[in-house]
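Dear colleague,

Please find the structure below, handed over for your consideration. My findings follow directly after it.

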Amino acid sequence: MKTNKIFALAAMLPVGLAAAIHAHAYDVVPAGQPVVTGEPSRVGAPWNHRSTFNIPGTNTDVAFGGYVKLDAFYDFDYDQGDATDPLALLNPANRTDGRTNFTAYESRINFRTQTRTDYGTVSTYLEGHFLPDGKFNLRHAYGEYGPFLAGQSWTNFMHFLGTPRSLKLGGPIGYATGRPSQLRYTHSAGPNTFAVSLEDPSYALSPVNGGADIENPLPTLTARYQYGRNFGISALVSEFATNEATSGVDESTTGYGVAAQLALPLGSATTFKANATVGSGLGSYLSYVPDGVAGARTPDAYIDNNGSLESVDSQAFGVSLEHNWNGDWSSAVGTSRFSQDLPDDVAGFQAGLDTVQYSFVNLIWDVNQRLSTGIEYQHSDIERVNGDSEDASRIQASVQFHF
């Protein structure tokens, strides 16, 4: 059965290529780069295309953007939700004999301003989407002045350059992510970018052994270096603690990690991308879910049998290939693996996650500058601490209307 799925996966790539329309490729400003004040600009790859316009009589330019996206899923073995959650395989209640689901919850809206002053440009950015419950939920809310950023945005620990284009929200499993409130300083010199940040401290504590009330005495400290669009490396350090005043447990430990990504062009149409993340206390960076959810699946820390607070060691690795068939059609194929070292001598962890492997392949058609569609095959495989394993397959088809 698995073999047939893989053959179907490979056969999907060339489908429709013979009918592709050779439209002119359009320039895209890489995600994270500023909109050019007063000029039409596209930002993203390519889902955040938008153009700026000036408010008459002011020095402020504004830009509205976002997209409407329909996702259609077919789950063969497990229902993985509205945003493809491979860790849904940990819950037997998600098993299915075959299920179809349509959703538009990933649709998002963003608003940007840039104001020219005598002392430089002041920028703001606000964005939200409708995951996970159909209500408007905040993604980004920050301001920038010179090299400083203050507000809620992507953690400085994460990278974009080695993340493949995928229909799945958030990309493959094991790629660091998160949007904490923070204060960040960035310095660029030619192709070199350095950034440091103080970020809102939080961590996911396992409920095994009773848990405890948590607190963070210090902010999370991160540092990141990036060379052009080809290589990036980052590091973080955090202090985890329990609140003795409310739970009677007074313990602390340290979380730390290093993440690196690579994007290596292989000719003019193909790019090899790679990701590696290693450290301790990084479980909540696996996927952007509430700490209460992450604590039960990928905890940053746990209380051991002796009552001590211990951080969880983890490792993640991923590789992918992206290929542009022409100016409109592209594909990506990749696999990634996340593993964590939960103690096997604690009974409550026996059914917990030990490793998860996620693989995908897709075919995406950028019909024009405002419309894209595609299909993607996704396969997830988990192994528990006790050695039991589960696997599941999903097909996702998507249509995005950009504005």
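Strand β13 gives the nonpolar surface patch its largest share, three residues. Please note that the model is predicted. The patch covers about 870 Å² and is formed by Y227, F231, I233, V258, L262, L264, L266, V278, F317, L321 and V333. Besides β13, the strands β12 (231-242) and β17 (313-324) each contribute at least two residues to the patch. One of the patch members, F231, belongs to strand β12. F231 counts as partly exposed because its relative accessible area is 34%, between the limits of 20% for buried and 50% for exposed.

Strand β13, which spans residues 252-265, also contains A263. A263 is buried, since its relative accessibility is 6% and the limit for buried is under 20%. Beyond its neighbours within four places in sequence, A263 contacts L161, R229, N230, T271, F272 and K273. Its C-alpha atom is 6.7 Å from that of A274, although the two residues are 11 residues apart along the chain.

Turning to the interior, the largest nonpolar core has 15 residues, among which L87, F338, L353, V356 and I382 touch the most other members. Two or more residues of this core are supplied by β18 (329-340) and by β19 (353-368), and β19 provides the largest share, four residues. In soluble globular proteins, nonpolar side chains tend to be buried together. Setting aside neighbours within four places in sequence, L87 is in contact with L353 and V356, as well as with L286, R297 and T298.

Yours sincerely

How values were computed
Residues are numbered from 1 along each chain as its sequence is written. This is a predicted model: local features need pLDDT of at least 70, side-chain atom pairs count only at pLDDT 80 or more; totals for chains, interfaces and linings use all residues. Side-chain values use heavy atoms; hydrogens and water are left out. Buried means under 20% relative accessible area, exposed over 50%, partly exposed in between (1.4 Å probe, protein chains only). Contact means heavy atoms within 4.5 Å. A nonpolar core is a set of buried Ala, Val, Leu, Ile, Met, Phe, Trp, Tyr and Cys residues joined through side-chain atoms within 4.5 Å. Patches are made of residues with over 30% relative accessible area and no salt bridge: like charges are joined within 9 Å, nonpolar side chains (Val, Leu, Ile, Met, Phe, Trp, Tyr) within 5 Å. Accessible areas come from the Shrake-Rupley method with a 1.4 Å probe; for residues, only the protein chains shown count as cover. A salt bridge is a side-chain nitrogen of Lys or Arg within 4 Å of a carboxyl oxygen of Asp or Glu.
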